[in-house]
Amino acid sequence: MQESQYSLLIKIRQISLGSVFFGLGLALILVQLSSNQVSWQVAIALTALVIGIPHGAVDHLIAIPELFSFKMAIFLIKYLLATGLAIWFLVLFPLFGFQIIVVLSALHFGVGDASFYMEIYRRSKRANFPRVLFALAAGFTPVLIPLVNSKTRDALEAVNPKLIGWAGSFTSQALIACVLLNLTAVAVLVARKIYWPAIDLLTLLALALLAPPLIAFALYFGLWHAIRHTARLTLEYGPSLMQHELGKNGKSFWLAVRAGLPAVAIVLAFSVWLTFVNSTSVSGHFLWYLLVVTWALTVPHMALTARSDVKAMTQEVFLEFPT
């Protein structure tokens, strides 16, 4: 089973890297060819966000394996209540809510990426990995940099004009700090001969600096974070574990994806309803409300995944074969 899990994690690392490179290349081509920048950016962002939704919809199956039980009903009520409160807060206080989500998301994404590598190294007897430094760089690079560079205004205008200027007078300082954090982490990793995480950080830096901000975050969320998190779900989700025992890691991954697919229809339908209720133009506001619902779902999702993240980040690993 360990071999199947290790093989899947390595495959997903390659797929996520390749997907982001492809997405970045496509975005750079469209920037040069398209006259209507906003329309295609919104289309790609919506697609990537939808791809990323299922990864956060398996929490209940991990926490409580008994699907039809009183415990599950109570769990779902609490989960949906937390999500509803987060939606209410984001709709009522979009700027402050956005600022909170940015920080929490950066921490969540970074710790998730570091935990992904810790799961790889635990199965390959490799260590010497600066997990905290990597987590900070891997989280703030794809989240913060696209929101504080020179192209940010147009992206925020397309999402919600109230978010423009969200970082106040610290915009340039935040950009410089994030780039320095990324390059420092890369230098430490290379000095320790840990090359794949260093390649990851440089890839995320290129994505954050070169792609339009809306595209940069959406590609990262849907084609990087979501599929890596799904790979880690297969290490805990019962049906996926059974497939790992049979050496079928592809099917193991698909079962984790399939378990979250109903959430896509629910989230999209609710986002459309929220758009109709709160605005007169669906086409002009749907992206904002889809983001609101996605961010709101992230709140209980982050709280629940913190357990597995902390376990992965603090577990003992072997030291004989630094990579």
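Of the 323 residues in this chain, 52% count as buried. Keep in mind that you're looking at a predicted model. What is the chain built from, helices or strands? It has 13 helices and zero strands, so following the sequence from start to end you just read α-α-α-α-α-α-α-α-α-α-α-α-α. Now look at contacts between residues at least 6 apart in sequence: 75% of them join residues at least 24 apart.

**Two helices side by side**

Two packed helices are described by the angle between their axes and the distance between the axes. Try that on helix α1 (residues 2-33) and helix α10 (residues 213-233): they pack at an angle of about 170°, and their axes are 9 Å apart. Because angles over 145 degrees count as roughly antiparallel, α1 is roughly antiparallel to α10.

Which residues make this contact? From α1 come Leu8, Leu9, Ile12, Arg13, Ile15, Ser16, Leu17, Ser19, Val20, Gly23, Leu24 and Ala27. On the α10 side you'll find Ile215, Leu219, Leu223, Trp224, Ile227, Arg228 and Ala231. Sort the contact residues of α1 and α10 by type and you get 14 nonpolar, three polar and two charged.

**A threonine to look up**

Next, find threonine 203, which sits in helix α9 (residues 195-210). Is threonine 203 buried or exposed? Its relative accessible area is 5%, and the limit for buried is under 20%, so threonine 203 is buried. Leaving aside residues up to four places away in sequence, threonine 203 touches Leu17, Val20, Phe21 and Trp224. You've met some of these names already: Leu17 and Val20 belong to the α1 side of the contact with α10, and Trp224 belongs to the α10 side.

**Checking helix lengths**

Here's a simple check, using 1.5 Å a residue, on two other helices.

| Helix | Number of residues | Expected span | Distance between end C-alpha atoms |
|---|---|---|---|
| α4 (residues 70-92) | 23 residues | 33 Å | 33 Å |
| α6 (residues 131-148) | 18 residues | 26 Å | 25 Å |

For α4, the expected span and the distance between the ends agree. The buried residues in α4 include Met72, Phe75, Tyr79, Thr83, Ala86, Ile87 and Leu90.

The values for α6 agree as well. Where does α6 have its kink? Look at threonine 141, shortly before proline 142: the kink there is about 40°. As for its surroundings, α6 is mostly covered, with 14 of its 18 residues buried.

Definitions and conventions:
Residues are numbered from 1 along each chain as its sequence is written. This is a predicted model: local features need pLDDT of at least 70, side-chain atom pairs count only at pLDDT 80 or more; totals for chains, interfaces and linings use all residues. Side-chain values use heavy atoms; hydrogens and water are left out. Axes are lines fitted to C-alpha atoms, for helices over the stretch in contact, and angles run from 0 to 180 degrees between N-to-C directions. Helices (H or I, at least four residues) and strands (E, at least two) are DSSP runs, numbered from the N terminus. Angles under 35 degrees count as roughly parallel, over 145 as roughly antiparallel, 65 to 115 as roughly perpendicular and the rest as oblique. Contact means heavy atoms within 4.5 Å. Ala, Val, Leu, Ile, Met, Phe, Trp, Tyr, Cys and Pro count as nonpolar, Asp, Glu, Lys and Arg as charged, and the others, Gly among them, as polar. The expected span of a helix is 1.5 Å times one less than its number of residues. The bend at a residue is the angle between axes fitted to the seven residues ending there and the seven starting there. Buried means under 20% relative accessible area, exposed over 50%, partly exposed in between (1.4 Å probe, protein chains only).
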